[in-house]
Amino acid sequence: MIVRSTFITLMIYLIAIMMTMRCAAESTYAAKYSTDSVQNNMNRLMDMSIEELMNIEVTTVTRHAQKLSKVSSAVFVITQDDIKRSGVTSIPEALRMAPGVQVARIGADKWSISVRGFNGRFANKLQVLMDGRSVYNPLFAGILWDQQDTLMEDIERIEVIRGPSAAMWGANAVNGVINIITKKASDTQGTLLTAGGGSFEQGFVGARYGGKIDDNTPFRFYAKGFTRDHLNSTRGGSANDAWHSARGGFRMDHVRGIDQFTLQSDIFYNAQGDRLDKSLLIAPIIQAESVRGNSKGGNIRFRWDRAFSEKSSLSLQTYYDIIDFRMATWSNVRAESFDIDFQHRFPLFDRHDITWGANYRLYHNKVFDTELISLNPREQTNHLASAFLRDEITLIPEKLKLTLGSRFGYNDFTGMEIQPNARLMWMPSMQNSVWMSVSRAVRIPSRAENDILLNAQTLSEIPGGSNLISFPVLTQILGTPSFNSEKLLAYELGFRHQFPFQASVDIATFFNDYSQLRDLSAGIPSFLANPIPHLVLPVSLTNKASGHTYGVEISADSRPLENWRLQLSYSYLNMHISSDSILKQLDPTTGSAAKVNPQHQVSLRSNYDLSDKIQFNLWLRYVSSVDFFNIPSYVTMDAKLAFKPVRNVELFLVGQNLLKQNHNESVSAFIPLVPSSIPRGIYVGAEWRF
């Protein structure tokens, strides 16, 4: 029934879009002309030289456009061309291209994604933005990736910033920022239809129409839907996590003189499921094993930009976001947020480039009790306000720049937080650049870390004790009102070099010193006779853990032939965490993080144009072992063959995880699910632009 309603919703969207297209038939010729322009832009990226690729503009680091080669931060850009050639069907899978990013699939609709460690389903030290709209979940701390999607063809680029960016983006941008930037409405004119299906990617369909109200007001509508199969449990049977999704939205831009306005909105519906791990959730906690649920929500965003000159501008953005997530056994949440953000940039004297701004966010949530989770109070509203100041100082023109900045923020949990940053950029020649930075960042507590009661696991004995007591032990993780912010002091050093033979290399190293990390502390067990005799072990959250991490990230880009591009990335990560030696097994995200994150990751992509009509792309990946979950290292490969029989039509065949029938990548933390295997898959499809 849920699946049927999902696709009825999708079809309503598609019909609505087609009716809109028919009404706008008068503008078809103009739209077709623009489509040609879009098609040319798609091919232009592959034709760019290495020097041009190094000068792609990014905006996330400084909040204004800056050439990649001159950014004093560890940045990697995933372009639309990268997404299209890889054959990925989701944003999480696309993030595997970036060095320093740990991506592990847990289930059909669940991922663990982090930057520079502390990975887990609720990885809490990563800020993620969609067109500048934060999708970080302040309730549980982390990103629910199944709720973050859009038409993949509408993504212009994904900017991945490794390292702290708290001075610019505020609390929780501790280990990195991911900004997913969609195309302007003027770049998506005309009609796009895409559809396909296969084994794991059972079926997908997408449609977009872009037109113009007048020459200054382009718009687009889109709709997409897909169904993905269950994964297989490593213990046999289905993981009960088949995922059916429908999503739609629109974007409208308007230009008037030096002003630009954007109005954008999305809605979505997911039907999904879980299979709980009964070996960890035995009585007295829960009796259910397989559950199905849904999540739905939407957002609306408005942005105003005014450009006074190349170095002087201001912007104002506001958005509203609402989510309703119901998975009967462990989650029943309704949350909404409102955010308003202002920034102003202007030059001061000859050598100062000043940017300042302010932000306010309201987050309201209501959590209903489930068998696993309850929060007290059930309903709460939290406020977060901050302001920032950044000065980019030219010490030697075109050679040496110093950037100083800080964010000053206030939140309901820990009060005032100050997050300063200093960066130095040295460009001895056009082909070389060296940068270094020192940053302080904090991860403020989530509401759950203050108020939660989580029936985590049922153990056969008290951790660290004897097994003389025959009663099962229910561990209850309890939030603490005095829980403090986690703190980071980060040191980074980077180097970029462009070779004369169409190749470049980007190297970043880091040392992160963490304090007041989340830790666990056991209380005194108590005995309960009902519903069966058992012990209850309270486990409180504290800030007694600490640690340090260090590593190196390398990305290289080369053009051995005019029609062949190779992209290599390598990441090394070493973590040392000091926490409660007995209870850290209950917190893989922090206490046992040193054994949850792979030390080595390698990605090698080959994009080859066999002719003007045929592309053949390969993607080889290696990930070292994850000892905490006893997951061995693995090597896998994706491949995509694309054929364009005519200019606006593309047929494609994609193979995913081709080297092995199944492999394991991660296991859900805190919400114990049966481990699943990631299958080999194959799908075919077609895309038509007109």
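How many bridges pair strand 13 with strand 37, and in which sense? Keep that in mind while you get your bearings.

**Before you start**

This is a predicted model: local features need pLDDT of at least 70, side-chain atom pairs count only at pLDDT 80 or more, and totals for chains, interfaces and linings use all residues. Residues are numbered from 1 along each chain as its sequence is written, and side-chain values use heavy atoms, with hydrogens and water left out.

**Stop 1: the whole chain**

Show the protein chain as a cartoon. It has seven helices and 38 strands. Helices (H or I, at least four residues) and strands (E, at least two) are DSSP runs, numbered from the N terminus. Along its principal axes the C-alpha trace spans about 75 × 60 × 45 Å. The radius of gyration is 25 Å, which agrees with the value near 26 Å for a compact globule of 690 residues. That radius is taken over C-alpha atoms, and the globule rule is 2.2 Å times the number of residues to the power 0.38.

Now colour by burial. Buried residues make up 59% of the 690. Buried means under 20% relative accessible area, exposed means over 50%, and partly exposed is in between (1.4 Å probe, protein chains only).

Contacts come next: heavy atoms within 4.5 Å. Among contacts with a separation of 6 or more, 64% join residues 24 or more positions apart.

**Stop 2: the opening sheet**

Select 232–233, 662–663 and 676–679. These are strand 13 and strand 36, and strand 37. The three strands form an open sheet in the order 13-37-36, with antiparallel pairing. Strands 13 and 36 stand at the edges with a single partner strand each, so one side of each is left without a neighbour in the sheet.

Here is the reply to the opening question: strands 13 and 37 pair in the antiparallel sense over two bridges. Two strands pair if DSSP finds at least two bridges between them. Strands of a sheet pair through backbone hydrogen bonds, either parallel or antiparallel. Zoom in on Ser-233: opposite this residue, in strand 37, stands Ser-676.

**Stop 3: strand 6**

Select 126–130. Is strand 6 largely enclosed or open? Five of its five residues are buried, so strand 6 is largely enclosed by the rest of the structure. Leu-126, Val-128 and Met-130 are buried on one side, and Gln-127 and Leu-129 on the other.

Add strand 9, which runs parallel to strand 6 and is joined to it by five bridges. Leu-126 has Gly-176 of strand 9 as its bridge partner.

Then add 133–134. This is strand 7, antiparallel to strand 6 and joined by two bridges. Met-130 is the bridge partner of Arg-133. Strands 6 and 7 form a hairpin with two residues between them. In the turn, Asp-131 has a positive phi of about 55°.

**Stop 4: the nonpolar cores**

Select Ile-78, Leu-95 and Ile-158. Of the 41 residues in the largest nonpolar core, these touch the most other members. Such a core is a set of buried Ala, Val, Leu, Ile, Met, Phe, Trp, Tyr and Cys residues joined through side-chain atoms within 4.5 Å. The elements giving two or more residues to this core include strand 3 (74–79), helix 5 (91–94), strand 6 and strand 9.

Leaving aside neighbours within four places in sequence, the contacts of Ile-78 include Ile-83, Leu-95, Ile-158 and Val-160. Another core, of 33 residues, lies apart from the largest one. Its members include Phe-122, Ile-477, Leu-537 and Leu-586.

**Stop 5: Gln-80**

Select Gln-80 in helix 4 (residues 80–86). What does a polar atom of its side chain lie 2.5 Å from? The backbone oxygen of Ile-155. Gln-80 is buried, at 12% relative accessible area. Beyond its neighbours within four places in sequence, Gln-80 is in contact with Met-152, Glu-153, Ile-155, Glu-156 and Lys-183.

**Stop 6: backbone details**

Go to Pro-377, in the loop between strand 20 (373–375) and strand 21 (379–396). The peptide bond from Asn-376 to Pro-377 is cis, with omega near 5°.

Next, find Arg-63 in the loop between strand 1 (57–58) and strand 2 (66–67). Arg-63 is not a glycine, yet its phi is positive, about 65°. Arg-63 is buried, at 10% relative accessible area.

Finish at Gln-516 in strand 28 (residues 503–522). Gln-516 has a positive phi of about 55° although it is not a glycine. At 27% relative accessibility, Gln-516 counts as partly exposed.

Technical notes. A polar contact is a pair of N or O atoms within 3.5 Å; within protein, one must be able to donate a hydrogen and the other to accept it, and residues adjacent in sequence count only if both atoms are side-chain atoms.
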